[in-house]
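Reader: Hey, got a minute to walk me through this one? I'd like to get my bearings before I go back to the bench.

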Amino acid sequence: MSVHKMDEKSSSEGSTDFAPELKTEPISLTEPTLRDYLIYASVSRSNETKPSDAQIEVEHARKTEHQRELDQARRALRTATWVSVFFLITTDILGPFNAPYAFSQVGYVPGAVLYVVMGGVACFTGLQLWRLFCRLDSHEFPVKTYGDLGERIFGKEFKHFCTVLQSLQLIINVGVICLSNAQSLEQLAANHQFCFSISVLIWAIVGMLLGQVRSLQKYGFFANSAVWLNLLIIFTSMGFVAHSPPNFAAALTSLGQPEGPVQTAKFVSLPLFDKVNGIMQMVFAYGGAMIFPEFLAEMRRPMDFWKGMICAQLLICTAYLMYGLFVYSFQGQFTLPLAYQGVSKQSWQDVGNVFALITGIIAAGLYGNIGIKVAYYSIIEDWFQGPALTSRTGRFIWTVMVFIYWSLAFVVGSAIPQVASVSGVVAAICIMQFSYTFPPLMMLGYKMKIAAAGLIAEDSLAIGDVIDANTPSKDPGDTWMQWSRWKRGFFGGTWYYNLFNLILFLASLSMACLGMYGSGTAIKATFQLEGAATSFGCRSPV
């Protein structure tokens, strides 16, 4: 297998040097090796770096004219730039309504330090995902999802595990939104005017109706509107909080905090599980890594992703710190998990809740649409080899899945009517893994496979440099059933980097387990509060 440059003129007119080969179908690799992935990825990155120059092709997989036209069409669809990625990632900063609650659980100093440290680690793991994508994605073997990236390193089982976690995260996110909207509806109705579980059910039914829309394009206008409405909520809530006492009644019901003077502290003396649950709220600020591969797959030049990602993480960290510190300074221990619901004046509550209802149902519709598609492609099409989503049968299956999906969201929202606790659970089980646990694990696996296969020289090339496909393979041929391959994989390259990734993976996994304990204990403690909302009950949590 070799790499050669495709002359533009010969591509259009048919040079006699290799015209006979172009008329035949190219040889396809049924099971490409890691070396094949690296070669094809290096060719793709080189072509993306200089799109106006003659395109490079792998010789044994030369393409017909029709296939080259298809490649050009696919490249034309990849229009996102690093600036676009910056805006996509920073969409997350428009919902920092749980940041003040996180500060109330840990205090000023730990809160500020943890937001910065976790932001730095999330930036580092984001760069790891970017590096892996650039090394393993190509036009011939594209990486489209987080699971696809994991599959290149650990196989299909890991891909399925990622898909299950992704689906679980999206379902719980939709359940949290249904719960938040139900709380807003209860406050708009001056509290306790009708059964709270019915409030959750109302939004689940609305979601079932919105879920019949399969195309994300139809959400475009509403999604843009939601961005500006969220900005409006942020600034109005900051103004309201500065001129209104805390919502003591809601704080007593939701947090068990009796009315009293507002207290803030550098370090808060609370049980461990409360502090851990507060830290899990911070994880939400950096929970976008789950869809980083999707962003990369839409970019014209994936090599530039790091620019948008770093700028976005810096802005996210700054926004969450400022909003969290501001609201916590005025509301102290009475800070609610949804900050805009923490003002005592009814009319000011109504302003935030009305806007939050609109943005919430738009967000729930988007999450639901993506979540159901992930489940359909993975379960119906991949696992069971079912019909395509665009077919008539696929449309029927989609409708059934919509009702199942939103029914599960209703169960989540009504069974655990505690926004902070449910957010902590999804952060510990899902978000921690995608943002902090999996990236160092995948990088460790990738580096070990590179060293074991004798591909260190190829991996050390700069992104955009083409790997010489004629270089003989240096793989000794042993397998992972033999200690020699494990030893060469871990110690054959930069063993200290492998050790660092292993420690980071174990630390993140330990934090995730601690988060599961903290969130679970917080759920139990909240249910034991006098007057607390109960599972599938009618009492409101605010």
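Author: Sure. One term up front: Ala, Val, Leu, Ile, Met, Phe, Trp, Tyr, Cys and Pro count as nonpolar, Asp, Glu, Lys and Arg as charged, and the others, Gly among them, as polar. Also, keep in mind that this is a predicted model.

Reader: OK, so how do the residues lining the second largest pocket divide by class?

Author: The lining has 21 nonpolar residues, 15 polar and one charged.

Reader: And which ones lie nearest the centre of that pocket?

Author: Tyr101, Gln105, Ser254, Leu255 and Asp274, out of 37 lining residues. The pocket's volume is about 610 Å³.

Reader: Which helices supply at least two residues each to the lining?

Author: H6, H12 (248-255), H13, H18 (419-452) and H21 (495-527) do.

Reader: Switching to packing: at what angle do H6 and H13 pack?

Author: About 150 degrees, with the axes 8 Å apart. Angles over 145 degrees count as roughly antiparallel, so that is what H6 and H13 are to each other. Their crossing is left-handed.

Reader: Which H6 residues make that contact?

Author: Tyr101, Ala102, Gln105 and Val106, which meet H13 residues including Asp274, Lys275 and Met282. By class, the contact has five nonpolar, four polar and two charged residues.

Reader: What about H6 and H7, what's the angle there?

Author: H6 (residues 99-106) and H7 (residues 108-136) pack at about 125 degrees, axes 7 Å apart, and are therefore oblique to each other. This crossing is right-handed. On the H6 side, Ala99, Ala102, Phe103 and Val106 make the contact. It has eight nonpolar residues, one polar and no charged ones.

Definitions and conventions
Residues numbered from 1 in each chain as written. Predicted model: local features only at pLDDT ≥ 70, side-chain atom pairs only at ≥ 80, totals over all residues. Heavy atoms only, no water. Axes fitted to C-alpha atoms, helices over the stretch in contact; angles between N-to-C directions. Helix = DSSP H or I, 4+ residues; strand = E, 2+ residues; numbered from the N terminus. Parallel < 35°, antiparallel > 145°, perpendicular 65-115°, else oblique. Left-handed = near helix turned anticlockwise from the far one by under 90°. Contact = heavy atoms within 4.5 Å. 1 Å grid on protein atoms, 1.4 Å probe; cavity = no way out; pocket = protein on both sides within 12 Å on 5 of 7 lines; lining within 4 Å. Points joined across faces, edges and corners; volume = space filled by probe spheres on them.
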